[in-house]
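This report describes a predicted model of two chains. It begins with the pairing of one strand and then widens the view.

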Amino acid sequence: MIPNATSTAGLPPRAPFRLPIRIIQEGGITAWLVEDQSVPVVSLEWSWNGGGALDAPGQEGRMGLGFAMLTEGAGELNHLAFTDAARDAGISLQFGAGRDTASGSLRALSESLPEAVRLARLAMTAPRLDAPDLDRVRARAIVGTRQALETPRGAANRAFWAAAFPGHPAGRAATPESLAALPREALLEGLSGQLRRDGLQVAAAGAISEAELRALLREMFGTLPAGAPAPLPSLPPMADFAPVVAHKAAPQSSVMFGQDGPLPADPQWEAMQVALRILGGSGFSSRLMRRVREERGLTYGIGAGLDVVFGRAVILGQASTDNARVAEMLALLREIWAGMAADGPTAEELAEAVDFLNGTLPLQFADSRRIAGGLLGLMQNGRSPAWLEGRPARLSALTVADVAAAARRLATAPLRVVVAGQPVGL
Amino acid sequence: MPLTRRTAISAALPLAAGIAAAEAPARAQQPAPFTSRPIFGAKQWRLANGLRVVLAESHRAPVVAHYVFYGAGSGEDPQGIGGVAHFMEHMMFKGSGNVPSGDFSRLVARQGGQDNAFTSRDVTAYYQHVESSRLALVMRMEADRMAGPLFNPAEFEAERSVVIEERRQVVESQPRSKFREAFDAAMWGRQHWRGRPIIGWEEEIRAISREDMLAFFSARYAPGNATLVVAGDVEEARLRELAEQTYGLIPARAFTPRNRGEIPIAPAMPRIEQTSPVTREASFSRAIAAPSATWGETRHAWPLEVLAHVLGGGTGSRLHRALVESGIAVAAGAGYDSDVAGASIFSVSATLRAPNTREALEQIVEAELRRLVQDGVTEAEVARSIRQTTAGAMLALDGLGAAPRMLGGALAIGLPMEDVEHWPEKLRAVTTEQVNEAARAVLVNPLTTAGWLLPA
């Protein structure tokens, strides 16, 4: 009906991707900035190494609960006054702790930025942790922990990390028991070890000038105590384990699979990213999506990619399927995985993957929140602005042989698998 | 590791998402011109075949969002084949006249773009985010499938399996989704358009034939029943030209307009209890049928948004104080969405905190609802709710998807564009008396169901 519907012949060449990143040093704090005055919105993202990694065995969830308390009252503001101050001005201010990082996030209209900065500073320097609020937030966290295990997917995720990294903080997570046992003093101790001026990484984007950002950094973080949070333990190789089955009453099983991945500084990092894009990247064109979903109808979604934890990547993938067909899907998954490791990509697949990864850059950096988040991710992986600028050229220079060599690493260790549900025949 | 999905989502963006400019203009007389600036400053026009085109221009980054909304969702599914709107959404990726199966997503990805689709009760929408110089390509391909998808028979059964796996993943493996589905069916009836799941009952998904799908397409997917929304880096003249060269080639055709029919006067079941072997907490839900911005006493729609915030809009709301701060519940809230086609619901939910009893929680909820009807809300509560709901309204400018989702979602259910462009001003005009009148009219509606999801 529409002539030449799929023709790309008349399209102009894509404009080279540019992101004007400035690096600001102020009072010992480093921040990356992308200024854009076109919309009156500012986003800020910041993080430290630490988070759950700093929780002792038996105190899992300490930093997560401590960080959840930061927006529950600070300084002269009780929890209601604090929440109202933020909501009256349309400010989004959030704190959280992950496996290996603790982080903050702020987004506000320009006119509300001073108030947002005041609240963020109060939260980090004078959190109240009033007893009734701690009781309420702790109860919510305990329920959240239980609800995370209600689904096969949540259960698979928990079991995978526990099996992959036994005895390491990466393998531990909050439980109702550990959360219930945490005294207020332990939370305060955790917060004081984490909320430091050193070891802090900050990214800002939107309607904020360099001078304004400098002032913001001084006001928001300048009074935090010096000295970095305790260093992260390194991540050991993933434990080798036979497929683990976590029983969960559900009509469908969730499968989580993975392997060790490269260090961010590994020269094959980008070749591995391309290999995984072809094997299990987002969208509908990866080998796993085509063969497991589109051809066989075995799953609603399947994918795999790199996740950086404790300074190193792990390769992680996930899919769900009918309990009766788990064995069939696993056999197919292993076959596709091994095929990629053995044969690498075709020239067409390589070209498609590189075109996608290069072409998607402008979309990944299209609004202030995504820009700030993207910048912080680059900082956490130890990248420089020049690394981002050179990425399209490096990706375009990759050959089939380069990506095939990286893909061979997928065969150097068995694929670790956890299944949660009521799988048949495993 | 984001897995891309073609998702069935029930709530598109409710208008109330944030806050706004500090001005609080006095409301002028009747067909008052708006004193606020429109949020997006969008323009709209129609092609000769009836297709509505909306442009929200923004040259901040060299990217565009391209959305097509059809004015048909699961609420239009014919009796006995619930889920056809959603299953069809999946099959729309299986090729059209000049686009081979699978090529749509593959070509978008090749250009660095993202594409997906979603089905709600009211609309089915297809969208792509691409670099702005790639807009022509996605417009040609989207227009080609508007002109005529293949619904390739060879791929029909595998895709049906995908939909059934989707149902197992997003409904049956999740106790709270499963309960929500049973709750809606209890309130409205399993075959009522509001009581059926968007994704469909499994036996009905299995019953859908290719002929059913072709019939649904022919009845609902005409240019005149569609809204194209483009947001981002494109000039009006260029979009007009591209729209004529692509969608403009599709002939006008007749379509079946939305007709949701009656709603029951009483619930199929006033009470429902469901147990789950995997859940540990008891949670309570209560829903009351309510007017919307498109149906019934529409003047109550904006006031009901305020009422829901006063009752259960998080910290500081009445339910938060009465249930969460008192230690009776772990979480509690109220919800209302004015922007739906046909009847809406005003709802309350809460998760019980041990060792309190279900009776205690439910009594408090009922007492709070009674208090709203008898005593109403205060001026201070209304002012706070309006302030907090509108304060962040302009944050919608910071993102490519907000404009098309808000504009397309509203236009596709028959609302005027001003309801989106000037929503903060409209909400600020709500008075305490209007909120109290809405509470008295709606909270006593006999079409209501209460239910518990319980640990086994």
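In this predicted model, strands S3(A) and S6(A) run antiparallel and are joined by six bridges. Within that pairing, Ser47(A) stands opposite Gln201(A) of S6(A). Ser47(A) also stands opposite Ser103(A), a residue of S5(A), and S3(A) and S5(A) are likewise antiparallel, with nine bridges between them. On the other side of S6(A) in the strand order, strand S2 (residues 29–35) of chain A pairs with strand S6 (residues 201–206) of chain A in the parallel sense, again over six bridges. There, Glu35(A) stands opposite Gly206(A) in S6(A).

| Strand pair | Sense | Bridges |
|---|---|---|
| S3(A) and S5(A) | antiparallel | nine bridges |
| S3(A) and S6(A) | antiparallel | six bridges |
| S2(A) and S6(A) | parallel | six bridges |

These strands belong to an open sheet of six strands in chain A, ordered S1-S2-S6-S3-S5-S4, with mixed pairing. Its edges are strand S1 (22–26) and strand S4 (92–97) of chain A, each of which pairs on one side only. On average, and with direction ignored, neighbouring strands of the sheet are turned by 15° against each other.

Two helices of chain A lie across parts of the sheet. Helix H3 (residues 113–125) of chain A lies across strand S3 (41–49), S4 and S5 of chain A, at about 155° to S5(A). Helix H8 (residues 210–221) of chain A lies across S1, S2 and S6 of chain A, at about 40° to S1(A).

Strand S3(A) is largely enclosed by the rest of the structure, because nine of its nine residues are buried. Both of its faces are covered: one side carries Val41(A), Ser43(A), Glu45(A), Ser47(A) and Asn49(A), the other Val42(A), Leu44(A), Trp46(A) and Trp48(A), and all of these are buried.

A residue of the adjoining strand offers a contrast. Ser105(A) lies in strand S5 (residues 101–109) of chain A and counts as partly exposed, because it has 19 C-beta neighbours inside 10 Å, whereas a buried residue needs 20 or more. Its C-alpha is 7.6 Å from that of Ser43(A), although the two are 62 residues apart in sequence. With neighbours within four places in sequence left aside, Ser105(A) is in contact with Glu45(A) and Gln94(A).

Chain B has 16 helices and twelve strands. Its C-alpha atoms fill a box of roughly 60 × 55 × 40 Å along the principal axes. The radius of gyration of chain B is 23 Å, which agrees with the value near 23 Å for a compact globule of 456 residues. Of these 456 residues, 59% count as buried. Among contacts in chain B between residues at least 6 apart in sequence, 81% join residues at least 24 apart.

The contact between the chains takes 73 residues from chain A and 73 residues from chain B. On the chain B side, elements that each supply at least two residues include helix H2 (103–110), strand S6 (124–131) and helix H12 (379–390) of chain B. The largest share, nine residues, comes from H4(B). The residues of this side divide into 28 nonpolar, 25 polar and 20 charged.

In soluble globular proteins, nonpolar side chains tend to be buried together. Here the largest nonpolar core has 272 residues, and Ala275(A) and Leu407(B) have the most contacts inside it. H3(B) gives the most to this core, with nine residues. Beyond residues up to four places away in sequence, Ala275(A) touches Met340(A), Pro345(A), Val403(A), Ala406(A) and Ala407(A).

Note on methods
Residues are numbered from 1 along each chain as its sequence is written. Chains are lettered from A and ligands numbered from 1 in the order in which they are written. This is a predicted model: local features need pLDDT of at least 70, side-chain atom pairs count only at pLDDT 80 or more; totals for chains, interfaces and linings use all residues. Two residues are in contact if their C-beta atoms, placed from the backbone, lie within 7 Å. Helices (H or I, at least four residues) and strands (E, at least two) are DSSP runs, numbered from the N terminus. Ala, Val, Leu, Ile, Met, Phe, Trp, Tyr, Cys and Pro count as nonpolar, Asp, Glu, Lys and Arg as charged, and the others, Gly among them, as polar. A residue is buried if 20 or more other C-beta atoms lie within 10 Å of its own, exposed if 12 or fewer, and partly exposed in between; C-beta atoms are placed from the backbone. The radius of gyration is taken over C-alpha atoms; the globule rule is 2.2 Å times the number of residues to the power 0.38. Two strands pair if DSSP finds at least two bridges between them. Axes are lines fitted to C-alpha atoms, for helices over the stretch in contact, and angles run from 0 to 180 degrees between N-to-C directions. A nonpolar core is a set of buried Ala, Val, Leu, Ile, Met, Phe, Trp, Tyr and Cys residues joined through C-beta atoms within 7 Å.
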